[in-house]
Each structure stands twice: as C-alpha cells, then as structure tokens.
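Open your viewer and keep the selection tool at hand. This tour moves from stop to stop.

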Amino acid sequence: MRLYLKISLLIFGVLLLTAQTPGTREYQLKAVFIFNFTQFVEWPSSSFSNPQSPLVIGILGKDPFGNYLEDALSNEKVNGHPLVAHRYNSIEEIEKDCNLLYINLTESAKTEKVISSLKGVSVLTVSDDPNFLKQGGMIRFYTKENKIQLQINPEAAKSANLSISSKLLRLAEIVTPKTKSK
Amino acid sequence: MFGLYEFPPFVLLLFLSLFFIPLSTQAQEDTSYQAADLKKMSLEELMSIEVTSVSKKPEKLSEVASAIQVITQEDIRRSGATCVPEALRLAPNLQVAQLSASAWIISARGFNAAFSNKLLVMIDGRTVYSPLFAGVFWDVQNVLLEDVERIEVISGPGGTLWGANAVNGIINIITKSSKDTKGLYASAATGNFMKDFVSIRFGGKIDSTFSYRAFFQQQDYNNTTLVPNGNENHDQWGFVQGGFRTDWQASKSNALMLQGNLYESTQQTAPEKSITNGQNALARWTHDFSEKSSLTLQGYFDRTWRRDVPSTIKDQLETYDIDLQHRFALGKHHRIIWGAGYRFMQDKTENSTIYVGLIPANRDMNLYSGFLQYELSVFRNRIKFTIGGKVQDYTFSGSSFLPSARLAWTPNERHTLWTACSYAIRAPSRIDVDYYLPTFPLPPTIPHVEGGPNFTSEKVTACEIGYRVQPATNLSLSLAMFYNKYDDLYSVEALPGTQVYQIQNGTEGYSDGIEFSGRYQPFKRWKLRGGYTYFHKELRNKPNRTYDYSALGNDPQDQFLLQSILDLPWHFQADITARYAGSRPNPYIVDYFTFDARLAWIFRQFELSVVGQNLWQEKHTEYSTTYIPQKFYAKLTCRF
C-alpha cells in the first residue's frame, strides 16, 4: 500500500511538472465580461490597420484566466475583427495594435505608469485593482454579495476616443475621477 | 444460520426517511458553466451569477476541515453513468459494489455489507436512508442526472450537523436550481444491459424571479447472471420517474423552492414481480436578514411503498419532516449555526410468511433534534476552530449527544491542514429491534430470533487528520487519514442457557485508513481526477460473546479510481474511467480491475455517444454471487 501511495505521488509529481493554469469560475465569468465589453464599446476605425485585422485583448501581468479567455473569444468577431488574446510580461511588450488591456500588476504604482503611457491611445483598460479608476483606468471589476459588479469611468474612456454603450453604463456604477471610489 | 447480514434478498426491502438541509459544507467551484452558455447571457444575468456556488457560507473546498470530495456535473456526464449508484463510483472515497441489476452496496470507510447502514444520504435536503434497516434502497434513489449540479461525498462522521446515521460518511446529491435548467433536454439510449433509456426535461421562467422545470425519465435494465455457471439471474429492473422543481426569488431577501417527485420501480423476481413506488414533495424557504445572517426553513413529505417478494415483507413508510436552520456571524471572527428539526415516520409492514417478519407490524417513530455549532476564525482566517454538538431523541435510542471539534490551519490559499475529532451514532432500525425468525412462538430449546429489545445505537469515536494542497492552479490534491473506534456494534447471540437469539451490541473494534484524491488538468482539453483508498479494520467480540462479526462488512483493502476527460478536435470527446477494487477477505471475493469508456460527438445541439462499461473482462463479480456483465449503449441527446 505504501508502494501504491508512492507511485501515485510520483505520478502526480511528474504531472505537476507539466502544469499549466486553468482559471477559477470568477475569472471564467470575467472572461465573458471582457468578451461582452468588445460588444458594447466602439473603437475608432483608426484603431485597426484594416477591416479584417484582429481586435487584440492584452493581459499585462499575471494571467488569472487560464483558458477561459480563449474559450470566451474563440470564433468571435466584432464588426469583422476576430478577437484574439495576447499576454505581455512588461509595459514594453504591449503592442501598438492592442485594443483592450486587462492589467493585473501587484504594484499600484506600476499600474499608474501603464495608464499614463497609454494616454491618447484608444485602449480600453480593465482591472480588479481597487485604485484603478482613481488612477485613470476605465473599467474595474469588484465583487459584491458574491457577484461580479462593474465600476466605469466614462470620462477616461471618452478621452481615449472610446464610446461605451449606454447598455453597459446603465449596469455599472459610474465613477468620475474626482469622486473617491468607495 | 442467523447471519441477518448475509441474507441477500432481504436487502431488497423498502425505502426512505431521515434528515437535513443541504448545509453544504460547500464544495469547490462549479465548473458546470460552459463558455457558450455564459456568452448567451445578458450582462444583467452575468452580474447575478454567484462567484462561489454556495453563498450562505462561502468557503473554498480547500479550507473545509473534512474529507470532502465532489463529483461535478461534468464528471457524471463524461463518465457515462446511467443512474445515481453508477455516478457514486466516481467518488474515490466510497466503496460501491453492484449486487444485481437493481441492487448496490455503498459505504464509506468500510462496513460494506448487504445491510450497509452507517451512511447518511440526502437528495436536495431530503434524507433517503430507510429506518427499516438504516441503509439505502438504491433502486429507488434516482434523479435526472443531467440536472445534478454536484454530489458532495464526505467520508467520516458528521453527526453534529447531520444527525444520526452520519457515522462513516455523508452523500449529498444537489440538483441545479431551475434557474440553471432552462430549455429542452431530451435523451434516448439503447444497449445490451440498459435496454432502453428515455429522458426529457423542459425548463423555463415566467419572469426574472420565477423559474421552473419538469422532467420524466424511464429506464429498463437486463438480467445479470449467476456465479458460477452464468445462468440468468432473472433480476430485470425497470424504473420510471417524473418530477418538477420551481425556484422563486420572491424578494431580495426571500427565496422559495418547491419540488416534487414520483417514481415506480419494478423488479423481475420469482414468483412474481416486486414493485416499489413513492411520492415526495419538499419546500424550502430561505430568508436573509442581512449579509451575515440567514434562516432556512424546510419541510418535506415522503411516502414509499414496497412489495418486495423475496424478502417476504411489504412496507409502507410515510415521513413528515420539518427543519429550521439559522446561521449568522458575530463580528469578523465568530460564526454560529443552530437548528432544530422534527421528523415523524409511520411504518406499516405486512409479513407474507410466518417464518420471518417484523413484530409489531406497524411502528410510529419520532425524531427530535437540535444543534449548535460555533466557528472561530483568527489570524486573518488562517486558523478556524469549529466546535458543536447535536442533541437528538429517537424512538429506538432515546436521547443522544453528538459532539465534534474541528481545526483547520490555512497558512496560505494553497495549503490546508486540518484535524477533527467526532462522536456519532448509528441509531437502531426496525430490523435491529423488531426482527423475528419465525414470527410464531417457540420454546426456548429450539433456536429462534426474538428481535433486539435491548439493542442500542452503534457508536463511533473518530479522529481524522488531513492535508489539502494546490501545488499549481490546475492541480489539487487531498490526503485524509482516519482512526475510528467502534463500540456496541451489532451482534446476534443466544441468551445464556437458551436457544433464544436476540440482536445485541456484542461487537467492538477499530478501523483506520488513508484516502488520497486529486484533480489535475495538464492541458485545456484534458482533465484527470482520481484517488486511492486504503482501508483496514479489526473487529472483536466483547468478552464472552461469540458472534461471527465478519457479516458486518466484507471490505477491500485497496481501491483505485482514475477518470480521464478528453476533448478532441472536431467536437469529439473521449473519456475513460478506470477502477480497481481489492479482494474481499470473508467470504473471499477476488479483486477486480475494469474500466468504462465513452466516445461522443457533439454537433450543434446534438450529442451522440457510445458507452462501454466494465470493458476489461466479459463479466466480473463485485460482491456476492452475481456476475456483473460488460455493458454497452448508444445514446442521442439534444439540448435546446
């Protein structure tokens, strides 16, 4: 019996080495939210090099989605633009053609730096960071009564030439930069 | 000669009874949502989905201080299981043995016997073990597997929260809210053992607060064969069931759930068919006083009727049950759950021979209970200490106190070390107390059985220790070790100087074991889950007793399970579930290995699958004198 135990531990150990990450249900939901954002936000046509070029969803920092983001985006198009996900490890890696950026950095200061570096570019920024909207971010996820809710800063989106549908705004808590987020 | 536990037909007795609200120690995250389903939802709907599946007391599986394992909807669907007992094979901490087309023996932590009786089984909060023998009639415990959200299997005692019979384990079958079963589902299958299978469910909503579903299913199974010659066993089994469920979110803080079921099960037995049927209805009201305080009130009625030809007993049982539960938090660190319940059971039997039967024929049984559990979390919830006790009063056992204490240490999200000590009882059942063989008087010089007038509850004191770890986000492992000390276990012995046998409490002993389980997803398309269980028990007679206690459980020492769920390109699925059960000592039953395989192709709303069960050999024996055959079926399912 000890032998069996050792064997099974060994097998699990080997499998462990080839590990990769599926996300949690929370991020499965958030991935679908992100998919929905692409439907309810309008990008200026200048954001795309041609009508068939992809709408790029970037993840900066640790990727909490696992495969859920790909699941949500696969075979989907917005106005002819296929949806794709790219992962970035640092600010420098963010590509020019990135249209939506999910930021998951541990340090708030870095997040602020990213946001300011995207000034004037039509990138929809999304994060879970509690200070995100204060720093100029656009959409923030938060959890209330075990359910995922949204906070949106429409001013920031407007200044990036992005128009957010009223359908989305209606469901979110609107936060303008000067009001302290709660 | 008087080994009641060895009297197989008696197993096929009746159905139904006992306890609690799905107090769901909370399971792991529900993976039953498919990306496609979520994408169809509106933003409003997305914003109303709970991140963890039990909101009352959200607790990650990784933080629960007990040996809990969860079978998800996907695990069931991908295993090819056709009924609840087959789905329970997917819990590595359960011992499941098929006896005939319609009969199973299911236990946790040993004591696998025809009368396995130390397990508490609930379907949506309705207790389904029978007070007739304190075990479960598995041939009438079915649900529409498509609508199961998850099955929680806790090995080890849970008497404090769950009450009597939660000695060695708890099975909690939880169906989806009707909110999550909208649309039409229809499925039909045919095969060599499961001859036909038809099921249909329709669900919808009247408005955003009120949803409903109704279902119907029918299945027919073929004969097993007999050891050693492979002769037909004449045990064909048919099962028909219909039911409904409604969920109404009456207001922000009030929710009402109502469900009902009726079924009939028919077994081919000599000289005529055995028939069982039943109806049940359950209502549950949940009220949230605040985010930190909620109240649940639940009531159900359950009637079951059983004409079991081989056992020579007809039985009608009516159960009325009401339960109240209140949970609330005091500040950040203290949480309290308390509850009270009452159950009334009216059992009427008819003995069709004078050679064996229950006296008195009819019994009214009352069960009163109340419990209190306190949880303290300190050091930023890293240490959780839970202590609680239940007081219950039952017709056959009088008052009992069932305490437990649990401690969990979660140094970080990935590791939990837990330990628990508990005391639980298996209350006497009618066949412990009222069993007569024969039912007419005999002089004390002729051997006969005269019930168990002095039989008291079987008792366990259990110590457990466990470790749960998530080394990577796609891998979780769990290890639990236990030591159980049993006292006042069942025995049948002659009164001194006579041939008058009575059912007594002349056996004692201990058991120990290890349960190891895990889930692993090496790639997006490939999931693995499984486990290994080691079990060992030592029983002995109390001084001056002579009962052959081997009848109390014939348990394998080792048991393995491995389930592989694989998504292939072009919407194909290839799944394999392999299992091994070690040999059983007394009487000796050879060990077996076998596996089930499922190949499915999904085309839009349609799913075509081919399933083979027990493929390793043509036939094998799991417990007694029947061969369980290789089974094949093809199934077409559509979901609109």
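How many residues lie between β12(B) and β13(B) in the hairpin they form? Keep in mind that this is a predicted model. Now select residues 237-251 of chain B, which make up strand β12. Add residues 254-267 of chain B, strand β13. The hairpin of β12(B) and β13(B) has two residues between its strands.

**Along the hairpin**

The strands β12(B) and β13(B) run antiparallel, joined by 14 bridges. Pick S251(B) to see one of these pairings: its bridge partner in β13(B) is N254(B).

Next, add residues 210-221 of chain B, strand β10. This strand also runs antiparallel to β12(B), and 12 bridges join the two. Click on F215(B), then on G243(B), its bridge partner in β12(B). Strand β12(B) thus appears in two pairings, with β10(B) and with β13(B). As a rule, the strands of a sheet pair through backbone hydrogen bonds, either parallel or antiparallel.

**A three-stranded sheet**

Clear the selection and stay in chain B. Select 225-226 for β11 and 619-620 for β33. Then add 626-629 for β34. These three strands of chain B form an open sheet in the order β11-β34-β33, and the pairing is antiparallel. Which strands are at the edges? They are β11(B) and β33(B), each pairing on one side only.

Two bridges hold the antiparallel pair of β33(B) and β34(B). For a residue to click, try H620(B): its bridge partner in β34(B) is I628(B).

**Into the cores**

Now select A87(B), L88(B), I106(B) and I173(B). They belong to the largest nonpolar core, which has 101 residues, and they touch the most other members. Which strand gives the most to this core? Select residues 475-494 of chain B: strand β26 contributes six residues, the most.

Stop at L88(B). Leaving out residues up to four places away in sequence, L88(B) touches L94(B), V96(B), I106(B) and I171(B).

Another core lies apart from the largest one. This core has 49 residues, and L100(A), A156(A), L38(B) and I49(B) are among them.

**Last stop: chain A**

Select the whole of chain A. Six helices and 10 strands are found there. Of its 182 residues, 38% count as buried. Look also at how chain A folds back on its own sequence: of its contacts with a separation of 6 or more, 61% are between residues 24 or more positions apart.

Definitions and conventions:
Residues numbered from 1 in each chain as written. Chains lettered and ligands numbered in written order. Predicted model: local features only at pLDDT ≥ 70, side-chain atom pairs only at ≥ 80, totals over all residues. Pairing = 2+ DSSP bridges. Helix = DSSP H or I, 4+ residues; strand = E, 2+ residues; numbered from the N terminus. Buried ≥ 20, exposed ≤ 12 C-beta atoms within 10 Å, placed from the backbone. Contact = placed C-beta atoms within 7 Å. Core = buried A, V, L, I, M, F, W, Y, C linked by C-beta atoms within 7 Å.
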